[in-house]
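Thanks for passing this one along. Here are my notes, in the order I worked through them; keep the model open beside you as you read.

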Amino acid sequence: MIEPYQLIGLPYRLGAVPEKHGAADCLTLSKAVLAWYGIESPCPTRSWYKRLRAEDYSIFWEQLELWGIKTDAAKVGTIGLIRAADSSYGLAAFYDDGWLQFKDRQVIWIPCSGLTPVALYCR
């Protein structure tokens with residue numbers, strides 16, 4: 001199992017699994033962080049990836065309730081829906097009083113104050 005801090009610096013690749021490919025996407029990044037904390041999460045399906053390739057970001061709104069319930073506070077096990085500068089959406093995972101997310105196609109950690117998620121979901 002990969003430790004969340006080991007995800008920092010990984011490149012973005014749609015559909016990549018960190019342990020297998022040395023890369024990740026926002027779904028597999030979030031799953032890895034939740035797994036570290038012993039929290040189960042749904043497996044992304046081919047339909048997720050087909051829709052993301054078609055830039056259909058409504059998939060996030062439709063599927064995030066499977067990851068947990070909407071909440072107002074970030075804590076261990078929280079996934080944040082974030083809006084990127086290009087108006088696309090992605091996920092960030094709460095870790096160590098901050099967020100792991102992609103910026104410039106690479107995983108970074110930023111403090112909580114550095115990210116304002118559109119919505120938060122937690123088991």
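**Notes on the strands, cores and cysteines**

1. Strands S2 and S3 run antiparallel and are joined by five bridges. This is a predicted model, so please read every point below in that light. One pairing to find on screen is Gly80, whose bridge partner in S3 is Ala92.

2. The link between these two strands is a hairpin, with five residues between S2 and S3. Look in the turn for Ser87, which has a positive phi of about 75 degrees.

3. S2 has another partner as well: four bridges join S2 to S6, and the two run antiparallel. Here you can start from Leu81, which has Ala119 as its bridge partner in S6.

4. How many of the six residues of S2 are buried? Five of them are, so the strand is largely enclosed by the rest of the structure.

5. Now to the nonpolar residues. The largest nonpolar core has 29 residues, and those with the most contacts inside it are Leu7, Leu27, Phe60, Leu64 and Leu91. At least two residues of this core come from each of helices H2 (26-36), H3 (46-53) and H4 (58-63), and likewise from each of strands S2 (78-83), S3 (89-95), S4 (98-103) and S6 (119-122). Helix H2 gives the most, with six residues. As background, nonpolar side chains in soluble globular proteins tend to be buried together.

6. Leu7 is a good residue to click on. Setting aside neighbours within four places in sequence, Leu7 is in contact with Ile2, Pro18, Leu29, Ala32, Val33, Leu100 and Val107. There is also a second, separate core of seven residues, including Ile82, Ala92, Phe94 and Leu120. You will recognise Ala92 from point 1, as the bridge partner of Gly80.

7. Last, the cysteines. The structure holds zero disulfides. Why is Cys43 not bonded to Cys26? Cys26 has the closest cysteine sulfur, but that sulfur is 15 Å from the one in Cys43, too far for a bond; the cut-off used for a disulfide is 2.5 Å. Cys122 is in no disulfide either, as the nearest cysteine sulfur, that of Cys112, is 13 Å away.

8. Are Cys43 and Cys122 buried or exposed? Cys43 is exposed, with a relative accessible area of 59%, whereas Cys122 is buried, at 5%. For reading those values, buried means under 20% and exposed means over 50%.

Definitions and conventions
Residues are numbered from 1 along each chain as its sequence is written. This is a predicted model: local features need pLDDT of at least 70, side-chain atom pairs count only at pLDDT 80 or more; totals for chains, interfaces and linings use all residues. Side-chain values use heavy atoms; hydrogens and water are left out. A nonpolar core is a set of buried Ala, Val, Leu, Ile, Met, Phe, Trp, Tyr and Cys residues joined through side-chain atoms within 4.5 Å. Buried means under 20% relative accessible area, exposed over 50%, partly exposed in between (1.4 Å probe, protein chains only). Contact means heavy atoms within 4.5 Å. Two strands pair if DSSP finds at least two bridges between them.
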